[in-house]
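Below is a short note for a colleague who will work from the model. The points follow in numbered order.

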Amino acid sequence: MSDFTSAKPSRRGFLGSAAFGIGALAGLNLSHFAEAGTGRTTDTVRLTWGLNGPNLIAKERGEFEKVLAKDGIKVEWLGPFPNHAPTLQAVTGGSADFSFGGSTTPALAAIIAGSPLVFTQFVVYEPRTTAIIAKDGSGIDKVQDLVGKSVAVNRSGLGEFLLVAALEKHKIDRSAVKFVYLNPPDAAPALAAGKVDAWSMWSPSVDIARLEYKAHDIFLEGRDLDFQIDYTSYLTTRKFATDNPALVRAVNDAFRAEGKWISENAKEAEHIAQRAGKYSDEVRDQFIALKRQYRYFAADDKQFVSDLQKAADWLVARKILPEPVKVSDHLAQL
């Protein structure tokens, strides 16, 4: 046994050590220790939102804020944002704390580009109605009819990968179709005006377009895609997650509670979404009939991360993502 472990401290030595410790603490900012104890350095969280999805419902319903208020956390809502990529930019730039729960593909693209982002949790919702659509009477009724045509997609996002997957499944070279990179607010009027021949898009915009522009499915994710490549995700910066683990956990739990409420109350949720989205009752009733279910997965869920890694590798192999990325290196440690 070493001398250190066997020696008994003297009273003088103990008092001397205590005095040194008190003197050292006197020169420190004790608020640092208080922050470390609570697991957060701020009492306000800035959340982004768009005109669809759980964040919109959370913002409009108000229960989300009440849940976080119990932990002394105030919510600031920033938006609306048209899609996931701009919310990632807001988080990276420091004007927001969380992305709004969107596609993993642009999130991975942002990480590859150098954004210091980490995933805080993931969501899978079903049924999925993401699709490639074309207007009725356009002569485009199947994937093969897209040869020589233009298709609007969001770059490095769900729209682009779905088109790539559809062409690959039907053995059509990508060069045979013109990819037109447009964000949703620009793609919808482009399809309506005939400036593009088809549109690859997610819910609810694609569902609204089917009805309002009298369009039909060419390739439907839930029916025609053999595997899921893109998921819903929330991200924050690595520093924010490291400095505020308790706050991130609280936000995750609040979103899980919101997702559970939406899953159990489809009618009420879709009425809330309709008021913000300003679409027809016909579209609203279509969404209610879907009775979407939301399942949440923690950032450290090994099976989920494995599935996302396979998706990322698929996207890299098809040059939708520019280089390999190791998903497990970009998870919040909570």
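1. Helices (H or I, at least four residues) and strands (E, at least two) are DSSP runs, numbered from the N terminus. This is a predicted model, in which local features need pLDDT of at least 70, side-chain atom pairs count only at pLDDT 80 or more, and totals for chains, interfaces and linings use all residues. Residues are numbered from 1 along each chain as its sequence is written, and side-chain values use heavy atoms, with hydrogens and water left out.

2. Cis prolines. Pro-204 sits in the loop between strand S8 (198-201) and helix H10 (205-212), and the peptide bond leading to Pro-204 from Ser-203 is cis, with omega near 5°. A second cis bond runs from Glu-126 to Pro-127, with omega near 0°. Pro-127 belongs to the loop between S4 and strand S5 (131-135). As background, most peptide bonds are trans, and most residues other than glycine have a negative phi.

3. Positive phi. Lys-171 has phi near 55°, a positive value in a residue other than glycine. Lys-171 is located in the loop between helix H8 (158-169) and strand S7 (178-181). Its relative accessible area is 76%, which makes Lys-171 exposed (buried means under 20% relative accessible area, exposed over 50%, partly exposed in between, with a 1.4 Å probe and protein chains only). Lys-278 is not a glycine either, yet has a positive phi of about 55°. Lys-278 is in the loop between helix H14 (266-277) and helix H15 (281-290), and is exposed at 70% relative accessible area.

4. Salt bridge across the sequence. The whole structure contains 18 salt bridges, a salt bridge being a side-chain nitrogen of Lys or Arg within 4 Å of a carboxyl oxygen of Asp or Glu. One of them joins the side chains of Glu-258 and Arg-61, at 2.9 Å from N to O. Glu-258 is in helix H13 (residues 245-264) and Arg-61 in helix H4 (residues 54-61), so this pair ties together parts 197 residues apart in sequence. Glu-258 is buried, with a relative accessible area of 2%, while Arg-61 is partly exposed, with 25%.

5. Local salt bridges. Arg-223 and Asp-224 form a salt bridge whose closest N and O atoms are 2.8 Å apart. Arg-223 is exposed, at 52% relative accessible area; Asp-224 is buried, at 14%. Asp-243 and Lys-239 also form a salt bridge, with their closest N and O atoms 2.8 Å apart. Both residues of this pair lie in helix H12 (residues 238-243), 4 residues apart, about one turn of the helix. Asp-243 is partly exposed, with a relative accessible area of 28%, and Lys-239 is exposed, with 60%. Elsewhere, Asp-207, Arg-210 and Asp-217 are joined into one network by salt bridges that share partners.

6. Sheet. An open sheet is formed by 4 strands in the order S3-S10-S4-S11, with antiparallel pairing; two strands pair if DSSP finds at least two bridges between them. Strand S3 (102-103) and strand S11 (293-298) are the edge strands, each pairing on one side only. S3 and strand S10 (residues 232-237) run antiparallel and are joined by 2 bridges. Ser-233 in S10 is the bridge partner of Gly-102.

7. Helix on the sheet. Helix H6 (residues 84-93) lies across S3, strand S4 (117-126) and S10, and runs at about 20° to S10. Contact means heavy atoms within 4.5 Å. Axes are lines fitted to C-alpha atoms, for helices over the stretch in contact, and angles run from 0 to 180 degrees between N-to-C directions.

8. Largest pocket. On a 1 Å grid over the protein atoms alone, a pocket is an open set of points where a 1.4 Å probe fits, with protein on both sides within 12 Å along at least five of seven lines; lining residues have an atom within 4 Å of a point. Grid points are joined across faces, edges and corners, and a volume is the space filled by probe spheres set on the points. The largest pocket has a volume of about 700 Å³. Its lining counts 43 residues, and Asn-52, Gly-53, Trp-202, Ser-203 and Pro-204 are those nearest its centre. H4, H6, S3, S4 and H14 are the elements that give two or more residues to this lining. H14 supplies the largest share, 4 residues.
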